[in-house]
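Welcome! Let us take a short walk through some aromatic rings and their surroundings.

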Amino acid sequence: MYAPKLIIEKLTDGSAYREVSSTILLYAFCLLVLNGVLIIAQGKGSFFADEFTRKLKLDIGKSTANLPLYQVENKQHRETINLAGNAASLTETMGIAERMITNVITIIGLAAIIVQLDAILLASVAFVLTVKIIITYLRFAYDKKMQIIQNENQLQGEYLSELAYFTPGAEKEIRVNNLENWFMDKVKIYRRNMLIWQYRSFHRYAAFESLMAIITALQSLVVLFILSNRYISGGISIADFTMYFSAVVSLGGVLSSVADQVSILEKQTLNFSHLEKLFDLHSEGSTGAKESASSSIPDRNLDIVFEDVSFSYGKDTPLVLDHINLTIKSGEKLMIVGMNGAGKTTLIKLLCKFYRPTAGKILIGNRDIETIANDEYYKLIASVFQDHKEFSFTVSENISLSENGDTDKIQNIFEELELTDFMRRLPNGLDTHVGRNFSNDGIDLSGGEGQKLAIARAMYKDSPILILDEPTANLDALAESEIYEQFLKLSTSKTTIFISHRLAASTIADRIVVFDKGNIVECGTHDALMKKDGLYAKMYLKQSKPYINRK
């Protein structure tokens, strides 16, 4: 503001060309130095901001990955997880701080210039600033409300995109069932909602900005009239006129920028609140999973004890498990059977610490599992679930879950599972990718092959406890029987818990537990339960009837 005034004065008072040139060069040199310092500072700031963002995203990812399953399945918690991702933009706070410092210095300088002439000019600036603050507050309140609404729609849009391009099997379902129009209608609804909210935001933004433009224009008229009167009366020179007018306009712009920065800072605060909620969820899910005084978990005599365990999905929902008392001896082969909804899988989810008991506790080796850190606890358990997942990486990585798997160990497991024919058709051996997301030479697995791969993964982990939740649902009865026999050979010293609707493994299990409506109604060997002629016998005979009649 001040340098142009000096230059204009030298030009109008007849100063020598050398004096004018010196002033211009000094002004240019100062700008060059300041801009050079700014470029270096911005480069450093950008580097540290990127590093901060990377670490923050890593923390968000770790917190999300370690959340108990019951929290991830909760709709509100999923929204918190999604919104917490916006906190990665917290690095903008560094830029806000930089601009705020710059603006404060500018405001002090400009105010010092303006106050020398007329306090009315400062009053006009204060009035415009007050209006700007009110508008900024209203916009923030509106944006806060819209963020939640738009997030729900955005989640649907992301799901539709994932479904269309990256979900195996979805493209087949869409085509074979002529779902193109149905699917596109979903996309149109998502796009229409997004555009409606964008238009609403635009109209509100345009109204606010139009009001500010009118007020700013009126302020400029008032300032011009005041300065013109002062110049005509001889109170100021043309150089002063230029400086004061630029100072008032610039001060209004700087103060307006400060209000905008405060608005952005409030949004960052909102994003940070979602991040805090995520970390609170993580803390809530980890409160019972801290290391106890014992430094290690014994790998022998790992009896599993359910002590009066009950579970429900909410305060007002019925019990899925009702006061379960069950002891599974270390090394025992236990089969859990029952009708759909009987509570079998819920029991396993509790054992896997995906959920927490509503009442009672679960012990392993006389230790409450909630007192064992998750990274130590999960070393004890290898599992195969019906909804297992193959990853779009190499076959070796899918089994070893590492980049440096033991090739010989994997091949031995393949031989045990009679997957040698599968191995032969892999174009790049164990380095063949599953799926074609990252390699054109990748292979698509059948349901049975995928399940055998999941079983191989559990075998490779070699944990003392094996959990098989419907592990053979995609296999025929003969293949299922063979898999169970192979599993028993490989798990002679391991505790093995089977869950299956089909009772092919019941005759080779040490003990069978029958669930019905969240309760254990029968327990014993296959022969004992058949003699009892209860629920298990009825289920077994019903499944065996087609084969008996065929014979």
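In this predicted model, Tyr355 is a buried residue, with a relative accessible area of 2%. Its ring partner Phe311 is buried too, because its relative accessible area of 6% falls under the 20% cut-off.

How are these two rings arranged? Nine aromatic pairs are found in the structure. For Phe311 and Tyr355, the ring centres are 5.1 Å apart and the planes meet at 0°, so this pair is stacked. Phe311 belongs to strand S1, while Tyr355 sits in the loop between helix H10 (344-351) and strand S4 (359-364), so the pair ties together parts 44 residues apart in sequence. Ring pairs also bring Tyr313 into a cluster with Phe311 and Tyr355.

A second stacked pair joins Phe393 and Phe438, with centres 6.1 Å apart and planes at 5°. Phe393 lies in the loop between strand S6 (381-385) and helix H12 (395-400), and Phe438 in the loop between helix H14 (420-424) and helix H15 (447-461), so parts 45 residues apart in sequence are tied together. Phe393 is partly exposed, at 41% relative accessible area, whereas Phe438 is exposed, at 57%.

Charged ends sit over rings as well:

| Charged residue | Ring | Distance from ring centre |
|---|---|---|
| Lys353 | Tyr377 | 5.1 Å |
| Lys409 | Tyr460 | 4.4 Å |

Finally, meet Ser312, in the loop between strand S1 (304-311) and strand S2 (321-328). Ser312 counts as buried, at 13% relative accessibility. Beyond its neighbours within four places in sequence, Ser312 has contacts that include Thr317, Pro318 and Thr358.

Note on methods: Residues are numbered from 1 along each chain as its sequence is written. This is a predicted model: local features need pLDDT of at least 70, side-chain atom pairs count only at pLDDT 80 or more; totals for chains, interfaces and linings use all residues. Side-chain values use heavy atoms; hydrogens and water are left out. Helices (H or I, at least four residues) and strands (E, at least two) are DSSP runs, numbered from the N terminus. Buried means under 20% relative accessible area, exposed over 50%, partly exposed in between (1.4 Å probe, protein chains only). Contact means heavy atoms within 4.5 Å. Rings of Phe, Tyr and Trp (its six-membered ring) pair if their centres lie within 6.5 Å; planes under 30 degrees apart count as stacked, over 60 as edge-to-face and the rest as tilted. A charge sits over a ring if NZ of Lys or CZ of Arg is within 6 Å of the ring centre and within 35 degrees of the ring normal.
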